[in-house]
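I opened a fresh page for this model and set down what I looked up, entry by entry. The notes follow the order in which I went through the structure.

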Amino acid sequence: MELIIIAGVAILTYISAVLKWLTIPGSVTAFVMGNIIFLAFDWRGLVLLGVFFLSSTLLTKWKRAKKEDKEALHIEDRQGRSAGQVLANGGAALLASAGQLIAPDPFWLIMFSAAFAAATADTWASEIGVLSKKRPFHIKEWKKVERGLSGAVSLLGTFAAALGALFISWSLYMLYEPALVIVLLVAFSGFIGNVVDTIFGAWFEQKFICQICKKETESKIHCSTRTIQVFGFSWFTNNLVNFTSTFIAGLMAGGVFVWLNN
Ligand SMILES: [Zn+2]
């Protein structure tokens, strides 16, 4: 049984590389991550990973032409998600899996689920929010800005974030049938993770200006030309923002869970 599941993970990560959903290092990272998650949380942990990964990938591909037309700035490049992006979205859940293997405790499953709820909320918010007909509002600059920038919020994106977090907590319910309070805690923490992501993105993340079209962007290349950095810390990348916000969501849910049980 174990061998069949590991072979299944190998096949899925291989297909992801062939379809360019993941780069080759990204696919190898996802394979190792899948195995550790399987060891820690059996096939149900893999289902949660799969729900996050498949929904995010399909949403990224969905209405792709329209997103590029709108110069969406948050879309991964055509090579697929890199190893760094895999670790940014799944690193906190991977730490929870390691915790479960070292010192098994219900805390880790709550942290694991909330971390994926936050990653899902963030991806859904980015990929659906960018299709908003209205220009989003930047929480730091306090004005409307281009679609796809970190720190920009729209009603549609916020709704998508809540839906993404709920989708993971509903999956958790279907797999483990935890108490309703746990389901709500995971969904709420995932949503808060997305809020933290937006705040960190607005205040700390690097921003660049395109020399050709003068648009603000998070990319080092725009209009096929190198952009100029105008703001932020060079080490504070989108990946670090994603990792930190999913980690905070996981710790928050785990912390409240421990508090509720004491
Ligand atoms: Zn440009």
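**Sheet, metal site and one arginine**

I began with a strand pairing and found that Phe137 stands opposite Val153 in E3. I kept in mind throughout that this is a predicted model. Phe137 lies within the residue range of strand E1 (residues 137–138), and I noted that 2 bridges join E1 to E3, the two running antiparallel.

I then looked up the sheet as a whole, which is open, is formed by 3 strands in the order E2-E1-E3, and has antiparallel pairing. Strand E2 (143–144) and strand E3 (152–153) are at the edges with a single partner strand each, so one side of each has no neighbour in the sheet.

**Metal site**

Next I asked which atoms coordinate the zinc ion. I listed Cys210 (SG), Cys213 (SG), His222 (ND1) and Cys223 (SG), at 2.1 to 2.3 Å. I checked the geometry too: the angles among the 4 donor atoms are 105 to 114°, and the site of the zinc ion is tetrahedral. For reference I wrote down that the ideal angle for four tetrahedral donors is 109.5 degrees. Along the chain, the donors of the zinc ion follow the spacing C-x2-C-x8-H-C.

I traced one pair of these donors, which links distant parts of the chain: Cys213 is in the loop between strand E4 (207–209) and strand E5 (216–217), while Cys223 is in the loop between strand E6 (221–222) and strand E7 (225–226), and the two are 10 residues apart.

Are these cysteines buried or exposed? Cys210 is buried, because its relative accessible area is 0% and buried means under 20%. Cys213 has a relative accessible area of 30% and is therefore partly exposed, and Cys223, with 34%, is partly exposed as well. I also looked for disulfides, and the structure holds 0 of them.

**Arginine in a loop**

My last entry concerns Arg81, which I located in the loop between helix H3 (64–69) and helix H4 (83–102). Although placed in a loop, Arg81 counts as buried because its relative accessibility is 12%. I asked what the side chain of Arg81 makes a polar contact with, and I found the side chain of Thr60, at 3.0 Å.

How values were computed: Residues numbered from 1 in each chain as written. Predicted model: local features only at pLDDT ≥ 70, side-chain atom pairs only at ≥ 80, totals over all residues. Heavy atoms only, no water. Helix = DSSP H or I, 4+ residues; strand = E, 2+ residues; numbered from the N terminus. Buried < 20%, exposed > 50% of the residue type's maximum accessible area, 1.4 Å probe, protein only. Polar contact = N/O pair within 3.5 Å; in protein donor to acceptor, adjacent residues only side chain to side chain. Donors = N, O, S within 2.8 Å, 3.2 Å for Na, K, Ca; no water. Tetrahedral: all angles 85-135°; square planar, octahedral: opposite > 155°, others 65-115°. Disulfide = S-S within 2.5 Å. Pairing = 2+ DSSP bridges.
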